[in-house]
Each structure stands twice: as C-alpha cells, then as structure tokens.
Amino acid sequence: MTTAVPSGTPAHQAHGRPSRRLARQLALQMLFQHEFQDQNPSWQENFWASQSASPEVQTFTSNLFLGVITNQPEIDRIIRDFAIDWSLQRMPVVDRNILRCSIYELLWEPEIPAMVTINEAVELAKLFADDEARRFVNGLLDHVLRAEPKLAIKRSQNKQKNSAPEFSDPSLTS
C-alpha cells in the first residue's frame, strides 16, 4: 500500500477545511505499512516523502495512526468481542485496519460524530476493499456503536440528532 491516494480523492472539503477523508486514507495506508515494514526505521519518512498532504492532513493522519498504535490492545479486544466467528489474524489486513481506525475515532475522538466515523469507514472499504468488506465493516461498527459500554455518550448524541426535527417552527416555542 505504498501507492498514493487515488486520484479522484479531493484534497479539501467544502469551505477550505483539510480533508479528513484523505487523512483517514493515509492513516489506513500507514497502518498497512506498519504491519509489514515496522522493522524498517525509515518507512514513515519514505511514506511522507511520497505524499503531498497539507500539514493539517498530516497532523490528523498522524493522530489517527499513533492513536491506533497506542490503543491497539483495547481496540483489538473490541474487534475480537464483536467479530463473531472471526479472528483478527483471519481478517484481511485492510478490513482489520479500517476497523482499528474507526474504533479509535469512536472511542477517542469525541468531536467526530459516530455516524460520520461509520460512513467514512464504509467509504474506505468501498475504495480499498470489496462489497463484502463494506458490509462487514458497516455491520461490525454498527454493532460496536449499539453495544460497547464506552460509547454511551456517542449513542445518545446519535439518538438526539436523529430525533431532532429538521427545522423548527417559531410558533411552537414560547
């Protein structure tokens, strides 16, 4: 996974904000390389030399990568708990690392809404994996969101957002 991000990937989102989607793609690529090149001390330097990401994208990418690495035992425990009949070793590397990035975001990035994290994980699976992986990633993350005790706050935020009216009628307020 040493290739650059696909050419159709926008470098920035609306309003000029750095693309978190691009950062997620780069973090996924870094995690993939970490599994195979961790013994090579210059792999991260070589990785960044082949990318033209903005400093903001590099920062978010690095935060995701280091967050996953730092919290990997807890993240992997959650994956094992929710991936019925699947071991981490049997999962394709890309699927496993999409799940790791997403679970890190769900647990340790409180400002990112849960549904954004899950939708972005599905987009990564569409881009780097197949339809089966997309369904697997979506289903597992949905199950984690619904059942992981540490995600109670994100569940309640998700329910509040889904139950909030799309517009407010001023005549209904006093």
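## N-terminal cap of helix α6

The N-terminal end of α6 is capped by D130, which places a side-chain oxygen 3.2 Å from the backbone nitrogen of E132. This description rests on a predicted model.

## Length and faces of helix α6

Helix α6 covers residues 131-147. At 1.5 Å a residue, its 17 residues should span 24 Å, and the end C-alpha atoms are indeed 24 Å apart, so expectation and model agree.

Seven positions are named as the buried residues of this helix: A133, F136, V137, L140, L141, V144 and L145. Viewed down the axis of α6, these buried residues fall within an arc of 155° and therefore line one face of the helix. An α-helix has 3.6 residues a turn, so residues three or four places apart point the same way. On the face of α6 turned away from the buried side lie the exposed residues E132 and R146. E132 thus appears twice in this account: its backbone nitrogen faces the capping oxygen of D130, and the residue belongs to the exposed face.

## Internal cavity

The model contains one cavity of 30 Å³ or more. The largest cavity has a volume of about 40 Å³. Its lining consists of R24, C101, S102, E105, T117, E120, A121 and L124. Two elements, α4 (93-108) and α5 (114-128), each give two or more residues to that lining. The largest share, four residues, comes from α5.

In terms of residue class, the lining of the largest cavity is mixed, with three nonpolar, two polar and three charged residues.

Technical notes:
Residues are numbered from 1 along each chain as its sequence is written. This is a predicted model: local features need pLDDT of at least 70, side-chain atom pairs count only at pLDDT 80 or more; totals for chains, interfaces and linings use all residues. Side-chain values use heavy atoms; hydrogens and water are left out. The expected span of a helix is 1.5 Å times one less than its number of residues. Buried means under 20% relative accessible area, exposed over 50%, partly exposed in between (1.4 Å probe, protein chains only). The arc is that of the directions from the helix axis to the C-beta atoms. A polar contact is a pair of N or O atoms within 3.5 Å; within protein, one must be able to donate a hydrogen and the other to accept it, and residues adjacent in sequence count only if both atoms are side-chain atoms. On a 1 Å grid over the protein atoms alone, a cavity is a set of points where a 1.4 Å probe fits but cannot get out, and a pocket is an open set with protein on both sides within 12 Å along at least five of seven lines; lining residues have an atom within 4 Å of a point. Grid points are joined across faces, edges and corners, and a volume is the space filled by probe spheres set on the points. Ala, Val, Leu, Ile, Met, Phe, Trp, Tyr, Cys and Pro count as nonpolar, Asp, Glu, Lys and Arg as charged, and the others, Gly among them, as polar.
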